[in-house]
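Student: I've got a protein model open and I'm a bit lost. Could you walk me through how to read it?

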Amino acid sequence: MSEGIIVIRKGREKPIVQQHPWIFSGAIEAARGDPAPGDIVTVTDYNGAFLARGYWNPRSQIQVRILTWQDEPITRDWWRKMLRRAIKGRDRYTYLHTRDTALRLVNAENDFLPGLVIDRYGDWLVLQALTLGIECRKGLLAELLMELIAPAGIYERSDVDVRGKEGLSASSGVLAGQPPASPLAIIENDFTLRVDIVNGHKTGYYLDQRANRTVLKEVCLEKAASDTQLQQLRVLNLFSYTGGFGLYALGGGAEWVVNVDASRDALELAEANFELNRFPPNRAEFIQADVFDYLRDQAAEGALYDVIVCDPPKFAHNTGQVERAARGYKDLNLNCFRLVKPGGYLMTFSCSGAISADLFQKIIFGALADSRRQAQIIQHLTQAEDHPVALTFPEGAYLKGLLLRVY
Ligand code: SAH
């Protein structure tokens with residue numbers, strides 16, 4: 001084999017042996033054999049013994065992303081085998097949710113395919129290439145996906161900031177097959193939703209929150225059924241995007257849902273989604289506002305809600321931003337606590353990977369203490385099961401949430 005060889009510094013092999021998929025530049029002793037950026041390289045220990053094989057990018061702090069810990073060649077068949085395995089891994093989900101038409105098929109490092117995200121939306125696939133190694137092979141991957149799944153088309157949405165760390169600029173457009181309808185319609189737990197895979201956030205929709213949307217529906221169903229004092233179940237859906245949580249709240253018997261988001265386009269799609277599911281327009285409001293301002297205004301007016309969902313964007317993009325992000329989460333949640341009716345619920349999230357579940361809980365505790373309310377953790381929430389976390393890659397568990405009952 002004419003592959004390049006990456007030699008690991010003495011004493012730095014442990015995470016590799018333990019199957020963490022990233023090799024940082026500091027762990028590398030030497031690069032031999034003149035590999036080109038993006039090439040497959042063999043990783044050896046100081047004595048030349050095989051450790052792993054992966055793809056190389058000298059411009060990234062993560063110089064190697066490991067593809068295999070076995071001494072096997074990385075061929076077209078290898079990529080096919082790994083794609084098949086990831087897709088097959090969704091059988092449990094599709095068996096349990098036969099009507100659903102949207103799900104994540106490949107969750108990057110967590111499906112042992114670093115840097116590659118594939119989401120299915122109806123007849124289309126969306127591919128995200130987060131690294132140079134995947135960028136170099138996206139044509140091959142699109143070909144294999146056409147063979148394996150035969151979608152109507154594959155659309156690329158590699159317009160994410162993290163590509164900058166790999167020396168790559170944004171890239172999007174049709175990779176194979178037909179251009180997608182924009183927006184197109186998907187089915188999720190018997191709701192129909194419009195998803196704009198060309199212009200929407202991420203690959204178009206927040207599939208990772210799917211299971212938590214069901215939790216919200218159940219919270220509403222229970223509250224509507226058991227609270228005899230309840231006149232009208234009112235739900236506040238903060239950072240609503242295209243209205244997913246709001247739809248499930250109405251599906252769970254909420255009388256009134258207020259959706260708040262800064263994006264006019266997202267709110268327009270949210271409104272269309274409510275109509276599509278035949279909910280009367282007088283049961284929902286769509287407010288374009290900054291959530292921080294909106295909450296302060298609502299608190300000043302003495303507004304109260306039975307259930308509040310708070311699903312902000314990522315506040316911390318790296319460890320250096322954790323402190324500032326923590327202040328943001330605290331401020332936000334303090335105002336949420338003020339607006340929950342006694343006996344009501346707050347469902348609050350952070351999708352910042354740099355903020356651990358422990359730290360998030362501490363931040364929420366701080367907000368609660370300042371609000372002088374009482375709260376109980378009813379459920380710890382995380383990302384949906386089509387976003388699995390590789391046990392060797394704890395970084396994969398980025399979404400954390402708490403379902404709190406507030407008094
Ligand atoms: N809960 C949504 C996903 C939320 S994504 C779902 O399940 O689909 C975060 C959303 O927050 C985006 O739609 C973005 O437009 C919005 N956003 C970001 N900062 C905001 C702010 N300060 N005020 C209001 N909305 C904001």
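Tutor: Sure, we'll go through domains, sheets, helix packing and a couple of backbone oddities in turn. Keep in mind that this is a predicted model.

Student: Okay, where do the domains begin and end along the chain?

Tutor: Domain 1 covers 4-68, domain 2 covers 76-182 and domain 3 covers 207-406. If you take the centres over C-alpha atoms, domain 1 and domain 3 are separated by 41 Å.

Student: Now the sheets. In what order do the strands of the 6-strand sheet lie?

Tutor: Read across the sheet, not along the chain. Here the order is β2-β6-β5-β4-β1-β3, the sheet is open and the pairing is mixed. At the edges you'll find β2 (22-24) and β3 (28-32), each pairing on one side only. On average, neighbouring strands here are turned by 35° against each other, ignoring direction.

Student: How do β5 and β6 run, parallel or antiparallel?

Tutor: Antiparallel: β5 (residues 50-56) is joined to β6 (residues 62-68) by 4 bridges. For a spot to look at, find R53, which stands opposite T68 in β6.

Student: And what is the strand order in the sheet of 5 strands?

Tutor: That one goes β7-β8-β9-β10-β11, again an open sheet with mixed pairing. Its edges are β7 (102-107) and β11 (171-177); each has a single partner strand, so one side of each has no neighbour in the sheet. The average turn between neighbouring strands, direction ignored, is 20° in this sheet.

Student: Which way do β9 and β10 run, parallel or antiparallel?

Tutor: Parallel this time, with 4 bridges between β9 (residues 124-129) and β10 (residues 153-158). Look for L125, which sits opposite I154 in β10.

Student: Let's do helices. What do I look at when two of them pack together?

Tutor: You describe two packed helices by the angle between their axes and the distance between those axes. Try helix α2 (residues 76-88) and helix α5 (residues 138-149): they pack at about 55°, with axes 10 Å apart. An angle like that makes α2 oblique to α5. The crossing of α2 past α5 is right-handed.

Student: Which residues make that contact?

Tutor: From α2 you have R76, W79, R80, L83, R84 and I87, and from α5 L140, L141, E143, L144, L145, E147, L148 and I149. Sorted by class, the contact of α2 with α5 has 9 nonpolar, no polar and 5 charged residues.

Student: What about α9 and α10: at what angle do they cross?

Tutor: Helix α9 (residues 291-301) and helix α10 (residues 322-339) cross at roughly 30°, and their axes come within 9 Å. So α9 counts as roughly parallel to α10. As for handedness, α9 passes α10 in a left-handed crossing. The α9 side of the contact is V291, F292, L295, R296, Q298 and A299, while α10 brings G328, D331, L332, N335, C336 and L339. By class, the contact of α9 with α10 has 7 nonpolar, 3 polar and 2 charged residues.

Student: Can I try one? For helix α6 (residues 210-226) and helix α7 (residues 244-251), I read a crossing of roughly 30° with axes that come within 8 Å.

Tutor: Nice, that's the idea! The crossing of α6 and α7 is right-handed. In α6, R210, N212, R213, T214, L216, K217, C220 and L221 meet G244, F245, Y248, A249 and G251 in α7. The contact of α6 with α7 divides into 6 nonpolar, 4 polar and 3 charged residues.

Student: You promised backbone oddities. Which residues does the cis peptide bond join?

Tutor: For this you check omega, the torsion of the peptide bond. The bond between S182 and P183 is cis, with omega about 0°. P183 belongs to the loop between β11 and β12 (184-188).

Student: And what is the phi of A150?

Tutor: A150 has a positive phi of about 50°, although A150 is not a glycine. You'll find A150 in the loop between α5 and β10.

Methods: Residues are numbered from 1 along each chain as its sequence is written. This is a predicted model: local features need pLDDT of at least 70, side-chain atom pairs count only at pLDDT 80 or more; totals for chains, interfaces and linings use all residues. Side-chain values use heavy atoms; hydrogens and water are left out. Two strands pair if DSSP finds at least two bridges between them. Helices (H or I, at least four residues) and strands (E, at least two) are DSSP runs, numbered from the N terminus. Axes are lines fitted to C-alpha atoms, for helices over the stretch in contact, and angles run from 0 to 180 degrees between N-to-C directions. Angles under 35 degrees count as roughly parallel, over 145 as roughly antiparallel, 65 to 115 as roughly perpendicular and the rest as oblique. A crossing is left-handed if the near helix is turned anticlockwise from the far one by less than a right angle, and right-handed if clockwise. Contact means heavy atoms within 4.5 Å. Ala, Val, Leu, Ile, Met, Phe, Trp, Tyr, Cys and Pro count as nonpolar, Asp, Glu, Lys and Arg as charged, and the others, Gly among them, as polar. Domain bounds come from an automatic or database domain assignment.
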